[in-house]
Amino acid sequence: MIVVAGEALIDLVPEGAGALAPLSPRLGGGPYNTAVALGRLGAPTAFCSRVSADAFGESLLAGLRDAGVDVASVQRGPEPTTLALASLGADGSAAFSFYVEGTADRLFRAPERLPEGTRAVSFGTCSLILEPGASAYEELMRTASAQGVFTTLDPNIRTSLIADPDAYRARFRSWLPSVGLVKLSVEDAAWLGGSPKEWLTAGPGAVVITRGGDGMSVLTRDGAEFAVPGERVEVVDTIGAGDTVNAALLHRLAAHDALSVAAVAALGEPEWRDILGYAARAAALTCSRPGAQPPYAWELEESR
C-alpha cells in the first residue's frame, strides 16, 4: 500500500483566453492528483486527508474511488472545499491563486495509525504550508519515517501561500532527515536554495529534479547522477504533470522493490533510466490533455 497525504481541492481552469474566460471546475490538488495517478497505474493506494462534506468534496471522493483509491483514511468536515484559480501561460504552464480560508483540508489531524501494509507515504504542496494542518502532516511524516516507512516529498512551492520564505526554507531542511526521496522542479530547487548534494547529506537516498520538456535527472547519495530527456508532446497544459511524476516514480520504485532509503541509494544507472523514463512518459501524457488527467497503466504500455 502506498499512502498519499495532503490536500484535495478544486482547480478552476479557464476555458479560453482573457481574465473573464469561463472557469471549468476540475478535481485537483497535488497530493490528490498523485493518489489518482497511482490508482490509475494499478498501485494499491490510500488517500489520507480531510475533505469537505460539500458537493465538491463528494466529487473529489468519487474521483478517488473511480481510480481505485482507498478512502477509509479520509476525514470529513462541514467546512468548504479549497479552490485554486488557474491561469495558463502561452506554453501551457499553469499558475494558481488560492482560496483557502476556513477550508476543510486545513483542519487535518494526524491519524493514530497508517493503513495496514503501508510501504510508502507521499507528502507535498499546500498541505505542508497551511496551518494547523501543516503541523499535522509534518507529525505524520516524522512518525512514518521513525517506523521505517519510506517517505517522499514534493514541496511544489506555491509562493503566494508562503508568508515567510526563510522560515519555510528552514522547515524544508528540517524535514530532510525524515524523507527518503525528494522530487522537485528545477524552479522550486532554485527558490529553496542550497543544493541537492547538501540535501542528500541530511537523509534522502536520492533527489529527482524535473525540467519540464527537457526531462529530469536524479542525484543519488553516493554522487551518481543520471538523466533522461523529456517526451515530445503537444502540450495542452501542465496541470498535474509534476504530480504524475510523483506517482510514476513511486510506482516504478515499487516494481524495482526499492521503497526504502537504502534501496533507492543503491539503484544503478539501468534502474534509474527505467524509472525516470517511465515518469517522463507518464507526465507527457498528462500534459497532452486539459487539467490533471494522469494516464492509466495501459496508456503507458501503448506509448512505449
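**Exercise 1.** In this predicted model, work out how closely the axes of helix α1 (residues 30-41) and helix α7 (residues 241-255) come together and at what angle they cross, and then decide whether α1 is parallel, perpendicular or oblique to α7.

*Solution.* Two packed helices are described by the angle between their axes and the distance between the axes. Here the axes of α1 and α7 come within 8 Å and cross at roughly 45°. Angles under 35 degrees count as roughly parallel and 65 to 115 as roughly perpendicular, and therefore α1 is oblique to α7. The crossing of α1 past α7 is right-handed. The residues of α1 that meet α7 include G30, N33 and L41, and among their counterparts in α7 are D243, A247 and H251.

**Exercise 2.** Find the order of the strands in the open sheet of eight strands, and explain why one side of β4 and of β14 is left without a neighbour in the sheet.

*Solution.* The order is β4-β1-β9-β10-β11-β12-β13-β14, and the pairing is mixed. Because β4 (45-48) and β14 (225-228) stand at the edges, each has a single partner strand, and one side of each stays without a neighbour in the sheet. For β4, strand β1 (residues 2-5) runs parallel and is joined to β4 by four bridges, with V3 having A46 in β4 as its bridge partner.

**Exercise 3.** Identify the residues with the most contacts inside the largest nonpolar core, and list what L64 touches beyond its neighbours within four places in sequence.

*Solution.* This core has 50 residues, and those with the most contacts inside it are F47, L64, L253 and W272. Helix α9 (residues 269-287) gives the largest share of this core, nine residues. Beyond its sequence neighbours within four places, L64 is in contact with Y32, A35, V36, F47, V69 and V71.

Notes. Residues numbered from 1 in each chain as written. Predicted model: local features only at pLDDT ≥ 70, side-chain atom pairs only at ≥ 80, totals over all residues. Heavy atoms only, no water. Pairing = 2+ DSSP bridges. Helix = DSSP H or I, 4+ residues; strand = E, 2+ residues; numbered from the N terminus. Core = buried A, V, L, I, M, F, W, Y, C linked by side-chain atoms within 4.5 Å. Buried < 20%, exposed > 50% of the residue type's maximum accessible area, 1.4 Å probe, protein only. Contact = heavy atoms within 4.5 Å. Axes fitted to C-alpha atoms, helices over the stretch in contact; angles between N-to-C directions. Parallel < 35°, antiparallel > 145°, perpendicular 65-115°, else oblique. Left-handed = near helix turned anticlockwise from the far one by under 90°.
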